[in-house]
Amino acid sequence: MKHILLSLAFLAVAACGPETPGEASSDSPSTLDTQEARLAIQPSGSIPTGLPARLMVGLFENNGQTWMKDSKVPWDARYRYFTKGWVDNWGWSARDGSFGKQFMDESAAQGFLPVIQYYQVNAEPGGGEDQFLAKVQNATTMGEYFYDFKVLMQRAKEFNKPVLVLMETDGFGFLQKQTGSDPNKPAAVASSGVAELSGLPDTVAGWGLAFLQLRKAVGANNVILGIHVSGWASDKDIAHFSVTDPLQPEVDKVYNFLKPLGLGPNVTGATYDVLVTDPLDRDADFFARPEFKQDRWWDPSDTASIDSKSFNRHAEWLRLWNVTSGKRWVLWQLPEGNSNSPNVDNTLDADEAKNLSNAGYKDNRAEYFFGDNGAAHREKFANSGVIALLFGRGEGRQASHTNDYYTDGQLYLKSRAGAFLKAGGLAIPAGSTTTPPPPPPPPPPGNPGNDTAPYNFESGTQGWTFTGPVVTGVSPSTARAWAGRGSLAVTLGGTAAGKSPVSVANPAATAGKTVSFRVWVPAGHRISGVQPYVQQGAAGGWAWKGSWTDGTALKAGEWNTVTVQVPANAVGPLHQLGVELFTDAAWSGTVHVDSVSW
């Protein structure tokens with residue numbers, strides 16, 4: 001993929017006005033760049049509806065705190081964690097999510113966009129991060145978990161203003177590692193018992209789609225959903241250790257895993273709105289302590305190679321993701337240490353906002369964006385797709401914006417980021433009103449790029465229908481395809497074992513032809529058999545012929561080919577062509593049918 005060199009030269013701009021792409025405040029170089037070069041640097045995709053067309057800067061703050069408001073800085077966003085127990089305020093109120101609504105209302109009243117880091121799986125029963133997959137496979141746990149998220153969507157809908165919800169930091173990375181990058185591993189989604197999820201597959205991919213589906217079912221259209229992308233999810237920590245490995249292959253590994261979880265077209269009809277990552281969850285020098293002995297510093301030099309531990313490498317990784325996915329970025333939980341931090345534990349109570357002594361550990365992220373040449377750095381990251389910088393300590397001993405004193409005696413972020421925001425901030429391209437979907441994946445090996453089968457479902461259901469009680473619906477889908485770009489999604493939701501046919505009338509298959517069906521079934525399915533069939537019309541005496549394939553012979557998560565032969569003595573046009581689906585128990589999920597040919 002072509003690498004666009006980012007210019008470090010910008011036009012000067014008056015201090016009272018906002019920076020625009022190609023313009024910078026007085027901390028940028030004065031050398032002029034060409035207008036053509038500046039216009040060539042445009043991030044992919046669009047800023048989600050409800051967010052401003054400028055680089056947002058925000059901070060961590062809990063319910064009831066007023067430090068941000070009292071700072072007199074026009075911060076854009078205010079974030080906090082929602083962990084297990086938030087739904088009833090950890091036992092202090094009804095399980096109705098009013099605690100969450102309070103945070104939204106309070107943030108909006110102070111002029112800030114509410115941002116929620118939804119971080120609940122880690123505290124669900126059953127262990128820690130190593131048990132992430134095991135927890136999402138537990139139907140009881142997921143039933144309560146999805147209920148809580150549905151309540152959040154309900155309260156957000158009542159809030160009726162934009163709210164940004166960042167889903168499960170590092171959780172998607174844990175799932176990729178713990179599934180071996182297989183999105184079709186079992187998960188409790190439809191089987192969680194949450195009615196709105198009955199049409200989703202019981203897979204890890206379905207788990208990612210559940211949040212989109214619940215937002216849709218509740219009608220919380222004001223919620224902007226972010227999916228977390230971990231820099232180590234591909235099994236290489238591209239930011240701090242595997243720093244000479246090419247970036248695009250690592251981007252592709254993670255994107256291909258996340259695509260069926262909601263980054264690509266899917267049965268919900270929606271995708272995640274933004275990408276989310278945290279460049280580091282502690283101050284850099286905290287990792288230099290004897291128990292870690294790790295170097296987590298990034299080279300801030302504008303000439304640093306992208307094959308080095310540097311901000312330039314991180315910006316390039318963000319850019320490649322932006323181009324690959326068509327989504328903008330939210331950088332969240334940026335460390336708040338600076339070069340004057342004393343490398344001592346910060347004992348500041350998070351509820352205090354007093355003039356306490358400097359504490360925390362050294363880091364250079366805040367100074368990179370708001371120190372020398374900060375304007376050029378802000379624009380570089382905006383051109384890589386970044387729309388928000390959210391600062392906050394990820395652990396209690398780290399530096400905090402409430403006592404991050406610099407050498408001049410000023411609070412660093414309040415004074416430096418405050419000056420940037422008071423001067424108008426940085427305007428960034430909003431992009432098109434609708435983010436174009438990413439390009440379709442290449443067809444499976446050995447299959448043509450275009451599906452020329454009589455029934456390819458590229459443009460719709462092509463007249464295919466269903467009858468109950470096992471099948472509850474059919475629809476065209478681009479979530480997966482045997483060939484081409486689409487297939488027929490068959491939704492099952494039977495309350496007991498049974499069978500249902502999915503069929504089309506008056507097919508053109510003639511006597512003696514072998515009809516092939518491509519059928520995809522998810523992991524954990526309860527399909528006990530599939531039976532493609534043909535039925536003749538009145539001239540053929542309504543003769544019926546089927547060909548049984550046992551469910552145990554079906555490979556889950558893969559395309560299976562099943563066939564039936566039209567009788568050699570078939571008379572006249574066929575009345576019906578179809579496939580019967582049998583289940584051995586109540587089961588909700590999605591089966592795909594594609595490329596029905598002869």
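Contact here means heavy atoms within 4.5 Å; keep that in mind for the helix stop further on. You're looking at a predicted model.

**Stop one: strand 6.** Select residues 163-167. Five of the five residues in this strand are buried, so strand 6 is largely enclosed by the rest of the structure. Turn on the side chains: Val163, Val165 and Met167 point one way, while Leu164 and Leu166 go the other way, and all are buried.

**Stop two: the neighbouring strands.** Add residues 113-118, which make up strand 5. Strand 5 pairs with strand 6 in the parallel sense, over four bridges. Now bring in strand 7, residues 223-228. Strand 7 runs parallel to strand 6 too, and five bridges join the two.

Which residues should you pick to see both pairings at once? Try methionine 167 in strand 6, which has tyrosine 118 standing opposite. Over in strand 7, the bridge partner of methionine 167 is isoleucine 227.

**Stop three: helix 6.** Next, select residues 171-178. Helix 6 is mostly covered, with six of its eight residues buried. To highlight the buried ones, pick Gly171, Phe172, Gly173, Phe174, Leu175 and Gln176.

What covers them? Show helix 4 (132-136), helix 7 (204-218) and helix 8 (247-258), which are among the elements covering the buried residues of helix 6. Strand 6 and strand 7 are also part of that cover, so leave them switched on.

**Last stop: glycine 180.** Step just past helix 6 and click on glycine 180. Its backbone takes a positive phi of about 65°.

Key
Residues numbered from 1 in each chain as written. Predicted model: local features only at pLDDT ≥ 70, side-chain atom pairs only at ≥ 80, totals over all residues. Heavy atoms only, no water. Buried < 20%, exposed > 50% of the residue type's maximum accessible area, 1.4 Å probe, protein only. Pairing = 2+ DSSP bridges.
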